[in-house]
Amino acid sequence: MLVTLLVSGIVARALGVSSYGLFQYALSLSLIFMSLSYICGSEIIIPRLLRNISRRKQHDLLSNTFLLRLIAAISAYILLLLTAWYTEKSPLLLPIVSILGMMILCNEPFAVTTAWLQSRTFSKPKVLISITAMLVKIGFVLIIYYIFDRNILGFAIAWVSEFIFLAIGLSIYYKKNIYLGRPRFKFQLIRKLFYKGLPFFLALLIMQIFLRADMLMLEVLADDFALGIYASAMQLNLAVAAVAPLLVNTFAPKMVFSQKNISLIKRNVFYISGAIFGFSLLCLPILIYFSPMIVRIVFGESFAMSSKVFSYLLPGCCLYYLDCGLNIFFVKMGLGKLILLKWIFVLITALGLYKVLIPNYGVVGAALGYDIALLAAVIISLSFIFIKDNVLSVVSGERY
């Protein structure tokens with residue numbers, strides 16, 4: 001989290017508010033298309049790895065998942081380039097996204113190694129590889145900042161370097177610890193993984209669009225300066241929010257995914273959700289109080305307006321923590337269709353709020369729309385969990 005803030009701050013100081021807004025817009029666009037590669041995510045792979053299958057079957061499962069994700073990633077990268085070329089917001093947009101889009105190719109396909117480590121609750125290798133990759137990224141950013149011409153394309157290359165080195169590190173670890181010879185690619189297995197993960201994939205896709213919709217709507221309804229101010233605040237918010245899935249993935253495998261009793265599953269989901277939500281609430285007043293100082297240190301005086309926006313975004317971040325915990329229930333029970341319905345509703349709600357609030361309240365309106373939409377997500381999650389089992393089965397089309 002601190003590294004992300006450090007790098008974002010250096011890039012923001014080097015580019016200025018408006019150019020940083022363009023950079024973050026290109027990054028948001030790339031991340032939306034990256035979500036197209038999230039097919040057959042860890043919510044499908046980890047439960048299968050926990051079934052005590054043989055190492056050979058684990059290798060085959062991970063290899064076929066890698067191939068499926070790689071095909072999706074290549075398709076997503078091509079679609080990203082076509083979108084950037086068609087919209088042509090700026091002459092620099094296509095070159096920037098062509099570089100940042102490399103994240104798509106290097107991220108999700110190689111994350112099969114991460115899923116294997118998570119299934120064994122053994123995070124040390126991934127942490128060490130991630131730290132090394134982040135140090136590489138920092139090194140590149142500093143070189144471009146101090147030696148080269150602070151070029152926006154150079155910063156895009158530096159941003160992608162972390163994903164490239166992370167992919168290399170995970171590949172080396174897989175080769176040494178998991179690889180068992182030439183993989184056996186099976187069309188039937190790939191097809192099964194695709195359809196099994198499809199509801200969760202669509203839900204995650206809609207969720208990622210929601211998380212970046214504020215940036216896209218600001219690009220349409222505001223100017224690059226407002227986009228830069230909001231982007232810096234959101235970068236801080238995302239850095240705080242990034243802790244939530246890490247906490248969930250730490251506790252979920254043993255407390256939820258390995259359990260079979262529905263009452264115990266619900267109880268543990270609420271324990272995890274309450275714990276991480278409580279943690280976020282404890283951090284909330286501290287972050288709000290120090291937000292002006294954080295913005296000044298990270299981004300500089302020219303981004304001073306971002307502290308107010310960051311303060312408005314933080315309550316929504318707490319709700320995001322809570323929803324991440326509640327989401328474990330739907331993943332465990334295989335209720336991907338309900339997750340999809342939830343995020344479709346949240347996205348529609350958010351777009352409506354942005355359309356009304358941004359023209360009237362600017363960047364603060366975008367922050368308020370983000371918070372209200374996440375509140376809707378929490379209410380829907382709790383409503384689905386408390387619906388009686390037979391009603392839930394009819395609504396989702398899945399029985400458990």
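## Report on a helical protein chain

At 0% relative accessibility, Cys40 counts as buried, because buried means under 20% relative accessible area. The model in which Cys40 appears is a predicted one. Cys40 belongs to the loop that joins helix 1 (2-34) to helix 2 (42-49). Its phi is positive, at about 55 degrees, although Cys40 is not a glycine. Most residues other than glycine have a negative phi.

**The chain as a whole**

The protein chain contains 15 helices and zero strands. For 400 residues, a compact globule would have a radius of gyration near 21 Å, and the value for the protein chain, 21 Å, agrees with this. Along the principal axes, the C-alpha trace spans about 55 × 45 × 40 Å. Among the contacts with a separation of 6 or more, 83% are between residues 24 or more positions apart.

Of the 400 residues, 54% count as buried. The accessible surface of the protein chain amounts to about 18000 Å², and carbon and sulfur atoms account for 68% of that surface. The chain carries 34 positive and 15 negative charges, and the mean positions of these two groups lie 17 Å apart.

**The nonpolar core**

The largest nonpolar core has 144 residues, of which Leu100, Phe210, Tyr230 and Trp343 touch the most other members. Helix 14 (residues 336-386) supplies the largest share of this core, with 20 residues. Beyond its neighbours within four places in sequence, Phe210 is in contact with Trp343, Val346, Leu347, Ala350, Tyr354, Tyr370, Ala373 and Leu374.

**Selected residues in helices**

The table lists four residues, each with its helix and its relative accessibility.

| Residue | Helix | Relative accessibility |
|---|---|---|
| Ser8 | helix 1 | 0%, buried |
| Ala14 | helix 1 | 18%, buried |
| Arg69 | helix 3 (residues 55-87) | 1%, buried |
| Ser273 | helix 12 (residues 262-298) | 2%, buried |

Ser8 and Ala14 both have their place in helix 1. With neighbours within four places in sequence left aside, Ser8 is in contact with Tyr20, Trp159, Gln235 and Phe299. Ala14, with residues up to four places away not counted, touches Tyr145, Arg150 and Phe155. Tyr145 is 131 residues from Ala14 along the chain, yet the C-alpha atoms of the two are separated by 6.9 Å. Ala14 counts as buried because its relative accessible area, 18%, falls under the 20% cut-off.

Arg69, in helix 3, has a relative accessibility of 1% and therefore counts as buried. Its contacts, apart from neighbours within four places in sequence, include Cys40 itself, the loop residue described at the start. They also include Ser37, Ile39, Gly41, Ser42 and Ile45. A further set of contacts of Arg69 consists of Glu108, Pro109, Ala111 and Val112.

Ser273 is part of helix 12 and is buried at 2% relative accessibility. Leaving aside neighbours within four places in sequence, Ser273 is in contact with Leu322, Gly325 and Leu326. The C-alpha atoms of Ser273 and Ala244 lie 9.8 Å apart in space, while the two residues are 29 residues apart in sequence.

Key:
Residues are numbered from 1 along each chain as its sequence is written. This is a predicted model: local features need pLDDT of at least 70, side-chain atom pairs count only at pLDDT 80 or more; totals for chains, interfaces and linings use all residues. Side-chain values use heavy atoms; hydrogens and water are left out. Helices (H or I, at least four residues) and strands (E, at least two) are DSSP runs, numbered from the N terminus. The radius of gyration is taken over C-alpha atoms; the globule rule is 2.2 Å times the number of residues to the power 0.38. Buried means under 20% relative accessible area, exposed over 50%, partly exposed in between (1.4 Å probe, protein chains only). Contact means heavy atoms within 4.5 Å. Accessible areas come from the Shrake-Rupley method with a 1.4 Å probe; for residues, only the protein chains shown count as cover. Lys and Arg count as positive and Asp and Glu as negative; His and the chain ends are not counted. The place of a charge is taken as NZ of Lys, CZ of Arg, CG of Asp or CD of Glu. A nonpolar core is a set of buried Ala, Val, Leu, Ile, Met, Phe, Trp, Tyr and Cys residues joined through side-chain atoms within 4.5 Å.
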